[in-house]
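Reader: Could you take me through one part of this model up close, and then carry on to the rest? I would like to have the cut-offs as you go.

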Amino acid sequence: MHGKSVIAGVSILSILAGATSAQTGRPGRRGGPVTTIQQGETCPAGTTEVRPRSCMAPDLPAPSILDYRPRSTLVTAVHLVRRAKYPAIDFHGHPEGLLDSSEGLATLGAALDSLNVRLMVAADNLSSARLQRALAAIRASPRMKDRVRVLAGIDFRNVGPGWAEKAVAQLQSDLAAGAVGVGEISKSFGLTIKKADGSRLRLDDPELDPVWDACARLGVPVFIHTADPEQFFEPIDYANERWLELALFPGRRYPPDRYPRFEELMTERDNLFRKHPKTTFVAAHLGWQANDLGRLGKLLTEMPNVYTEVGAVLYDIGRQPRAAHDFFVRFQDRILFGKDSFQPEEYPFYWRVFETRDEYFDYYRGYHAFWKLYGIDLPDSVLKKVYYENALRITRGLPK
């Protein structure tokens, strides 16, 4: 009986589609000509569906994606959260030169105080003399000496014979100088960095194994940024939800004739995580899988050595409030707070998404997301873990 109903329904749709097609090109009741499409087709460019399978163009000039900024008439509760409810550790800090002087550190400290960010972990891939200068400036600041910690960088260029021994020795030196972990390993690792023989350095290259084994032996986390949003690897057409960002920033486009594919990089990354179960990895930006939390959850379930961090993907968290809430509760021991770009005025958007039930509010960068955000209303116990407890647990060098 159910099968007959489906067939009948399809037949009725076909009849209706046929009847409507006779109206193709005729004026709409209140607008321009109507173009009829078949079931499953999309409207022609410059038109939109106004009734099932009936497309019409506006009779006014259409604004560009840049100029269409409708004012919402929705009236809902607003809870602006200027300061985090609990002291936060920003595990993904890029303080943009503020570590080099007492004046810069004072500016950084004032901003962190205003936000209730207790500690910033600078993830600027520093090593050797640059790392030592930053650490010296931090230690010389009575106010900031316990407010900033630094991750050590690794130079992945020209991997070949003898490279691993030198890299491990430099890492040990940087950790002895005061670094508390490794990172942020940049997206160029996997995308563009070449080995000594000219081939692309794969993330799971076995010549790198001694470095990851050293991180496990030394007990330090590895903070790694792999790839970029999947849409950056896709055709730049009007079906790509990151079209505006890609149009504004050509350097974020990864055409297939010049770069590995997104799935290839994800496979290599996961192979790396899987091969080194004793090494603690933190996948930056929710692994660029915040748009597919089921997939990210599968990764975290299968690999207990992997953690993740929320920097620069708030637009995906806030557009799926129920799924995101459940994901954060389920993986509350594996998620770290991080912001990425240091813009103090943007942190409160994170607090609002994490701490409130607010509905339908703007994200801070329109070119990232043309949609609205919703609060996911995390329990206090989860907020504490995300804001600071998880970072303290996996990073021994952080002040308690």
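**A close look at the disulfide**

Author: Happy to. With -80° about the S-S bond, the connection from Cys 43 to Cys 55 is left-handed. This is a predicted model, where local features need pLDDT of at least 70 and side-chain atom pairs pLDDT 80 or more, while totals for chains, interfaces and linings use all residues. Numbering starts from 1 along each chain as its sequence is written, and side-chain values use heavy atoms, leaving out hydrogens and water.

The sulfur atoms of Cys 43 and Cys 55 sit 2.1 Å apart and form a disulfide (a pair of cysteine sulfur atoms within 2.5 Å). The structure holds 1 such bond. Cys 43 belongs to the loop between β1 (34-36) and β2 (48-51), and Cys 55 to strand β3 (residues 54-56), so the pair ties together parts 12 residues apart in sequence. Strands here are DSSP E runs of at least two residues and helices are H or I runs of at least four, numbered from the N terminus. Cys 55 itself is buried, at a relative accessible area of 0% (buried is under 20%, exposed over 50%, partly exposed in between, with a 1.4 Å probe and protein chains only).

Stepping back to the whole chain, you will find 13 helices and 12 strands. Its C-alpha atoms fill a box of roughly 80 × 50 × 45 Å along the principal axes. Of the 400 residues, 49% are buried. Among contacts (heavy atoms within 4.5 Å) with a separation of 6 or more, 73% are between residues 24 or more positions apart.

Another cysteine brings us to a pair of helices. Cys 215 is buried at 1% relative accessible area, and Cys 215 is one of the α6 residues that meet α4. The axes of α4 (residues 163-177) and α6 (residues 209-218) come within 9 Å and cross at roughly 30°. Such axes are lines fitted to C-alpha atoms, for helices over the stretch in contact, with angles from 0 to 180 degrees between N-to-C directions. The two helices are therefore roughly parallel (under 35 degrees; over 145 is roughly antiparallel, 65 to 115 roughly perpendicular and the rest oblique). The crossing of α4 over α6 is right-handed, meaning that the near helix is turned clockwise from the far one by less than a right angle, where anticlockwise would be left-handed. From α4, Trp 163, Ala 164, Ala 167, Val 168, Leu 171, Gln 172 and Leu 175 take part, and they meet Pro 210, Val 211, Ala 214, Cys 215, Arg 217 and Leu 218 of α6. By type, this contact has 11 nonpolar residues, 1 polar and 1 charged (Ala, Val, Leu, Ile, Met, Phe, Trp, Tyr, Cys and Pro are nonpolar, Asp, Glu, Lys and Arg charged, and the others, including Gly, polar).

A second helix pair is α9 (residues 293-302) with α11 (residues 321-330): their axes lie 11 Å apart at an angle of about 5°. That makes these two roughly parallel as well. In α9 the contact uses Leu 293, Leu 296, Gly 297, Leu 300 and Thr 301, and in α11 it uses Ala 323, Ala 324, Phe 327 and Arg 330. These divide into 6 nonpolar, 2 polar and 1 charged.

His 325 is also in α11 and counts as partly exposed at 23% relative accessibility. Beyond its neighbours within four places in sequence, His 325 touches Ile 376, Asp 377, Leu 378 and Pro 379. His 325 is 77 residues from Leu 248 in sequence, and their C-alpha atoms are 32 Å apart. Leu 248, in helix α7 (residues 243-248), is partly exposed at 45%. Leu 248 and Tyr 367 are 119 residues apart in sequence, with 8.4 Å from C-alpha to C-alpha.

Finally, a few backbone details. Most residues other than glycine have a negative phi, and most peptide bonds are trans. Gly 183 and Glu 184 are joined by a cis peptide bond, with omega about -10°, and Glu 184 is in strand β7 (residues 182-185). His 285, not a glycine, has a positive phi of about 60°; His 285 lies in the loop between β9 (281-283) and α9 and is buried at 1%. Asp 340 also has a positive phi, about 75°; Asp 340 is in strand β12 (residues 340-341) and is buried at 19%.
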